[in-house]
Amino acid sequence: MDAITEPRTDHATAEVAPAPPSAPETSLVIDGFVPAASQRVRIYVWQVPVRVTHWVIFATVIVLTVTGGYIADPFLIPPGGSVMMNVRFIHMIAAFVFLGAGLFRTYWLFAGNRFARWTAFFPTNRTQAGEAGRQFGWYLFLRKDAPRILGHNQLAAGSYLVVFFLFLIQTITGFALVGMHGIQPWATLFGWVPDVLFGVQGVRLIHHLVMWVVLGFMIHHVYSGTLVDHWERNGLMSSMFTGYKFATRQEVIEARDGGMDVEEVIE
């Protein structure tokens, strides 16, 4: 695809229709019918580490939910014999994979591109700070247009920070529950947790309730992603598989995380 600054035209197959001298740049027509500013370009937004950790976390949350539910209240298969032992083993393996993915994604907050770095999640200027309210108004159909964003809008980024915190709570309470059985090193590392979270039953309750909150977020995450994808038609849902979004040149220029200097990720 073309660079954002100078759209090219194949003169062998099409000609540029000249724009009136006083017309703005957005009125330039390429291939006889497509305004230059309305041309969609392919933008590499989500890097491989972002996509891999996203799907690993999703898969492990599902495994942890099913196995954790069985550990708390055995169903279908009697807990006798090796069944419970195998379920606990799978639960622990999934927990370690989940933790590894979370740690690597945390590292990528500092090593990733502009769409993955910590500055995409924490508001660093007044425009970014006020963006959550404008996005929320759009979700409530109180605003006609949503803020121009190529990566995470600030409302989504804020919700992800909350989810990251919930993941941390799940990790701490989960290892604390393991430590309650005297298993080392978790018994030593997380033995203080029951004293802070109202005893053993408090730890179990918080671990269980956070699970349901995370599942509720996942449902809303799919809904809001589908809604935004349908409205903006930029390939949001497919971008978590391919890494690419499709935005118009004008959207790239106007986006808070876009601008003329984003052309290095445009094809």
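The exercises below, each with a worked solution, concern the predicted model of a single chain.

**Exercise 1. The overall layout**

Determine how many helices and strands the chain has, and in what order they run.

Solution. The chain holds nine helices and four strands. Read from the N terminus, the elements run β-β-β-α-α-α-α-α-α-α-α-β-α. Of the 267 residues in the chain, 40% are buried. Among contacts with a separation of 6 or more, 63% join residues that are 24 or more positions apart.

**Exercise 2. The spans of helices H1 and H2**

Establish how the end-to-end distance of H1 compares with the expected value, and then treat H2 in the same manner.

Solution. Step one concerns H1, which covers residues 48-72 and has 25 residues. At 1.5 Å a residue, 36 Å is expected for H1; the distance from its first C-alpha to its last is 35 Å, which is close to that value. Step two concerns H2, which has 29 residues and should therefore span 42 Å at 1.5 Å a residue. The end C-alpha atoms of H2 are 42 Å apart, in agreement with the expectation.

**Exercise 3. The buried residues of H1 and H2**

Identify which residues of H1 are buried and what covers them; then do so for H2.

Solution. The buried residues of H1 include Ile57, Thr60, Val61 and Leu64. An α-helix has 3.6 residues a turn, so residues three or four places apart point the same way. Strand E3 (40-44) is part of what covers the buried residues of H1, as are the helices H2 (83-111), H4 (154-179), H7 (199-232) and H8 (236-242). In H2, the buried residues include His91, Met92, Phe98, Arg105 and Trp108. The buried residues of H2 pack against H1, H4 and H5.

**Exercise 4. The nonpolar cores**

State how many residues the largest nonpolar core has and which of them have the most contacts inside it.

Solution. The largest nonpolar core has 15 residues. Those with the most contacts inside this core are Ile57, Val61, Leu64, Phe98, Phe167, Val214 and Met218. H1, H2, H4 and H7 are the elements that give two or more residues to this core. The greatest share comes from H7, with five residues. Setting aside residues up to four places away in sequence, Met218 touches Phe58, Val61 and Ile62. Another core, of 13 residues, lies apart from the largest one; Ile43, Trp46, Met240 and Val252 are among its members.

**Exercise 5. The second largest pocket**

Describe the volume of the second largest pocket, and say which residues of its lining lie nearest its centre.

Solution. The space in the second largest pocket is about 880 Å³. Its lining has 30 residues, and Gly68, His91, Gly174, Leu177 and His207 lie nearest the centre. H1, H2, H4 and H7 each supply at least two residues of the lining. H2 gives the most, with eight residues. By kind, the lining divides into 18 nonpolar, ten polar and two charged residues.

**Exercise 6. Thr173 and Trp186**

Decide whether Thr173 is buried or exposed, decide whether Trp186 is buried or exposed, and list the contacts of each.

Solution. Thr173 is found in helix H4. Its relative accessible area is 1%, and therefore Thr173 is buried. Beyond its neighbours within four places in sequence, Thr173 is in contact with Leu197, Val203, Ile206 and His207. Its C-alpha is separated by 9.6 Å from that of Gly202, which is 29 residues away along the chain.

Trp186 lies in helix H5. With a relative accessible area of 18%, Trp186 falls under the 20% limit and is therefore buried. Not counting residues up to four places away in sequence, Trp186 touches Met92, Phe96, Phe175, Val178, Gly179 and Gly191. Trp186 and Phe175 are eleven residues apart in sequence, and their C-alpha atoms are 6.0 Å apart.

**Exercise 7. Two loop residues**

Find where Pro185 lies and where Phe198 lies, and describe the backbone at each.

Solution. Pro185 is found in the loop between H4 and helix H5 (186-189). The peptide bond from Gln184 to Pro185 is cis, with omega near 5 degrees. Phe198 lies in the loop between helix H6 (193-196) and H7. Although Phe198 is not a glycine, its phi is positive, at about 65 degrees. The relative accessible area of Phe198 is 73%, so this residue is exposed.

Note on methods: Residues are numbered from 1 along each chain as its sequence is written. This is a predicted model: local features need pLDDT of at least 70, side-chain atom pairs count only at pLDDT 80 or more; totals for chains, interfaces and linings use all residues. Side-chain values use heavy atoms; hydrogens and water are left out. The expected span of a helix is 1.5 Å times one less than its number of residues. Buried means under 20% relative accessible area, exposed over 50%, partly exposed in between (1.4 Å probe, protein chains only). Contact means heavy atoms within 4.5 Å. On a 1 Å grid over the protein atoms alone, a cavity is a set of points where a 1.4 Å probe fits but cannot get out, and a pocket is an open set with protein on both sides within 12 Å along at least five of seven lines; lining residues have an atom within 4 Å of a point. Grid points are joined across faces, edges and corners, and a volume is the space filled by probe spheres set on the points. Ala, Val, Leu, Ile, Met, Phe, Trp, Tyr, Cys and Pro count as nonpolar, Asp, Glu, Lys and Arg as charged, and the others, Gly among them, as polar. A nonpolar core is a set of buried Ala, Val, Leu, Ile, Met, Phe, Trp, Tyr and Cys residues joined through side-chain atoms within 4.5 Å.
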